[in-house]
Amino acid sequence: MKETDKHNERIAKMVFASVYPHYVTKVESKGRTKDELHKIIEWLTGFNEEKLQQLMDEKVTFETFFDRAELNPNAELIKGVICGYRIEELENPLTKKARYLDKLVDELAKGKAMEKILRK
């Protein structure tokens with residue numbers, strides 16, 4: 001799929017706290033834990049559980065969420081297709097970061113080993 005300005009803007013304006021419960025449901029329904037989810041979010045963004053909760057209470061958008069994040073230098077090792085988009089071909093930096101997170105959540109839900117998800 002080709003990314004569009006409309007698609008990129010929709011991601012930027014989405015409130016992280018509105019998507020987070022879907023991440024939890026997805027991983028828990030596949031036998032993974034909220035702690036594991038928090039571990040991959042912290043690996044990608046640098047946000048510990050307390051900071052994550054603060055951002056959700058603040059109802060930040062994905063744009064603000066990733067503006068405040070310190071992206072892991074190994075994040076660029078996240079490749080593949082998620083939601084119909086090939087991550088390495090995305091041009092918009094914010095959309096790419098959001099898809100990094102989607103890909104990590106997807107890998108966790110699919111039972112991939114944490115060492116592989118965290119690109120160690």
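Start by selecting helix 1 and helix 6 in this predicted model: helix 1 passes helix 6 in a left-handed crossing. Draw the two axes, and you will find that they come within 9 Å and cross at roughly 60°. Now show the side chains where they meet. On the helix 1 side, pick His7, Asn8, Ile11 and Ala12; their partners in helix 6 are Leu94, Thr95, Ala98 and Arg99. Colour this contact by residue class and you get 4 nonpolar, 3 polar and 1 charged.

Stay here a moment and centre on asparagine 8, which sits in helix 1. Is asparagine 8 buried or exposed? Its relative accessibility is 9%, so asparagine 8 counts as buried, the cut-off for that class being under 20%. To see what surrounds asparagine 8, hide the neighbours within four places in sequence; Glu3, Asn92 and Thr95 are then the residues in contact with it.

Next, keep helix 6 on display and bring up the core. The largest nonpolar core has 37 residues. Which of them have the most contacts inside it? Select Phe16, Leu37, Phe65 and Leu101. To trace where the core comes from, colour the elements that give two or more residues to it: helix 1 (5-13), helix 2 (16-29), helix 3 (34-45), helix 4 (49-57), helix 5 (62-68), helix 6 (93-109) and helix 7 (114-117). The largest share, 8 residues, comes from helix 6.

Leucine 101 makes a good place to stand inside this core. Again leave aside the neighbours within four places in sequence, and the residues in contact with leucine 101 are Phe16, Tyr23, Ile41, Leu44, Phe62, Phe65 and Phe66.

From there, move to the pair formed by helix 2 and helix 3. How do these two helices pack? Their axes are 9 Å apart, at an angle of about 125°. Helix 2 and helix 3 are therefore oblique to each other, and helix 2 passes helix 3 in a right-handed crossing. For the residues of this contact, select Phe16, Tyr20, Tyr23, Val24, Val27 and Glu28 in helix 2, then Lys34, Leu37, His38 and Ile41 in helix 3. By class, the contact of helix 2 with helix 3 has 7 nonpolar, 1 polar and 2 charged residues.

While helix 2 is highlighted, click on threonine 25, which belongs to this helix. Threonine 25 is exposed, with a relative accessible area of 52%. A distance label is handy here: the C-alpha atoms of threonine 25 and leucine 37 are separated by 10 Å, and the two residues are 12 residues apart along the chain.

Two backbone stops finish the tour. Go to lysine 59, in the loop between helix 4 and helix 5. What is its phi? The value is about 55°, which is positive although lysine 59 is not a glycine. Turn on the surface as well: lysine 59 is exposed, with 58% relative accessible area.

The other stop is cysteine 83, found in the loop between strand 1 (81-82) and strand 2 (85-86). Cysteine 83 is a residue other than glycine with a positive phi, near 55°. Leave the surface on, and you can see that cysteine 83 is partly exposed, at a relative accessible area of 45%.

Technical notes: Residues numbered from 1 in each chain as written. Predicted model: local features only at pLDDT ≥ 70, side-chain atom pairs only at ≥ 80, totals over all residues. Heavy atoms only, no water. Core = buried A, V, L, I, M, F, W, Y, C linked by side-chain atoms within 4.5 Å. Buried < 20%, exposed > 50% of the residue type's maximum accessible area, 1.4 Å probe, protein only. Helix = DSSP H or I, 4+ residues; strand = E, 2+ residues; numbered from the N terminus. Contact = heavy atoms within 4.5 Å. Axes fitted to C-alpha atoms, helices over the stretch in contact; angles between N-to-C directions. Parallel < 35°, antiparallel > 145°, perpendicular 65-115°, else oblique. Left-handed = near helix turned anticlockwise from the far one by under 90°. Nonpolar A, V, L, I, M, F, W, Y, C, P; charged D, E, K, R; others polar.
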